[in-house]
Amino acid sequence: MKSKILLLEDDMELSDTVAKFLRAKGYEVVQSFDGEDAAEKIYETRFDLWLLDVKVPFQNGFDLLEQLRKEGDSTPAIFITSLHGADDATRGFAAGCDDYIRKPFALKELQARIEAIIKRRYPGGGETIVIDEKHRFDPIDHTLRINDERIPLKPKEARLLALFLQHPDKTLRKEEIFDALWEYDETPNEGSLRTFVKVLRKHLGKARIETVKEVGYRYRSERETT
């Protein structure tokens, strides 16, 4: 499954150039040309990453990202902008971006920065992650393989497993998990979280995920379980 990117850029020629390049690299790209349209697309569709120009019609990129972050959406974001000042970059990071690229930029540099963020946020960057001798996980395709058996996971189950793999042997508070799994317009549900954990324990083994009473959960790496 391809990583899905929202591209907000009001320069149509540049937008088409970036979109064509990223599609050739295997990404699914949805183009938008103004802030209001971008917000609508974001509310309607889950993206793996946002590329946001700042100086766009109706709602600028800074304000759009600030709004989304206040609503609890933690989707990775990169600003691509002609604003070169240090104060502009500072505002961009304060708004909640993961990276800030000044125009003009090389497409290969943009690709490298996208790949770095995708790999940090979604372990493996779409490649299969070897958990142990029996288990392999594709975080983009939401698929767990146990030996030769392919097991599709629900989106939140897959995101929870990805989160655990990002933080092996660390206790994750329930609040941290809620922020990672539930979208801004969803109400976190502790009962659902317990169900997701139960599913992962079924596939990975009960010893893999331990409950830390009144705090959260801890994923134990293979090193700890052997």
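# A parallel and an antiparallel sheet with their helices

Strand S4 is mostly covered, with 5 of its 5 residues buried. The model described here is predicted, and S4, which spans residues 77–81, offers a convenient point of entry. In a regular strand the side chains alternate between the two faces of the sheet. In S4, Ala77, Phe79 and Thr81 point one way while Ile78 and Ile80 point the other way, and all of them are buried.

Thr81 illustrates this burial at the level of a single residue. Thr81 lies in strand S4 and has a relative accessibility of 0%, so it counts as buried. Leaving aside residues up to four places away in sequence, Thr81 touches Asp53, Val54, Tyr100, Ile101, Arg102 and Lys103.

The surroundings of S4 are best followed through its sheet. Strands of a sheet pair through backbone hydrogen bonds, either parallel or antiparallel. Here 5 strands form an open sheet with parallel pairing, in the order S2-S1-S3-S4-S5. Strand S2 (28–32) and strand S5 (99–102) stand at the edges with a single partner strand each, so one side of each has no neighbour in the sheet. With direction ignored, neighbouring strands of this sheet are turned against each other by 20 degrees on average.

S4 has a pairing with S5 and another with S3. S4 and S5 run parallel and are joined by 4 bridges; within this pairing, Ile80 stands opposite Ile101 of S5. S3 and S4 pair in the parallel sense over 3 bridges, and the bridge partner of Leu51 in S4 is Ile78.

Two helices may now be added to this picture. Helix H3, residues 61–70, packs on the sheet and touches strand S1 (4–8), strand S3 (49–52), S4 and S5. The direction of H3 makes about 155 degrees with that of S3. Helix H4, residues 86–95, also packs on the sheet, where it touches S4 and S5. The direction of H4 makes about 150 degrees with that of S5.

The loops that follow S3 and S5 each contain a notable backbone feature. Most residues other than glycine have a negative phi, and most peptide bonds are trans. Phe58, in the loop between S3 and H3, has a positive phi near 75 degrees although it is a residue other than glycine. Phe58 is exposed, with a relative accessible area of 65%. In the loop between S5 and helix H5 (107–121) lies Pro104. The peptide bond from Lys103 to Pro104 is cis, with omega near -10 degrees. Lys103 is also one of the residues that Thr81 touches.

The second sheet is open as well, with 3 strands in the order S10-S12-S11 and antiparallel pairing. Its edge strands are strand S10 (171–173) and strand S11 (209–212), each of which pairs on one side only. The twist from one strand to the next averages 30 degrees. S10 and strand S12, residues 216–219, pair in the antiparallel sense over 3 bridges. Leu172 has Tyr217 as its bridge partner in S12.

Helix H6, residues 155–166, packs on this sheet and touches S10, S11 and S12. The direction of H6 makes about 65 degrees with that of S12. The loop between H6 and S10 contains Asp169, which has a positive phi of about 65 degrees although it is not a glycine. Helix H7, residues 174–181, lies across S10 and S12 and runs at about 70 degrees to S10.

H6 and H7 also meet each other. Their axes come within 10 Å and cross at roughly 130 degrees; the two helices are therefore oblique to each other. The crossing of H6 and H7 is right-handed. On the H6 side the contact is made by Lys156, Arg159, Leu160 and Leu163, and on the H7 side by Ile177, Ala180 and Leu181. The residues of this contact divide into 5 nonpolar, no polar and 2 charged.

Key: Residues are numbered from 1 along each chain as its sequence is written. This is a predicted model: local features need pLDDT of at least 70, side-chain atom pairs count only at pLDDT 80 or more; totals for chains, interfaces and linings use all residues. Side-chain values use heavy atoms; hydrogens and water are left out. Two strands pair if DSSP finds at least two bridges between them. Axes are lines fitted to C-alpha atoms, for helices over the stretch in contact, and angles run from 0 to 180 degrees between N-to-C directions. Contact means heavy atoms within 4.5 Å. Angles under 35 degrees count as roughly parallel, over 145 as roughly antiparallel, 65 to 115 as roughly perpendicular and the rest as oblique. A crossing is left-handed if the near helix is turned anticlockwise from the far one by less than a right angle, and right-handed if clockwise. Ala, Val, Leu, Ile, Met, Phe, Trp, Tyr, Cys and Pro count as nonpolar, Asp, Glu, Lys and Arg as charged, and the others, Gly among them, as polar. Buried means under 20% relative accessible area, exposed over 50%, partly exposed in between (1.4 Å probe, protein chains only).
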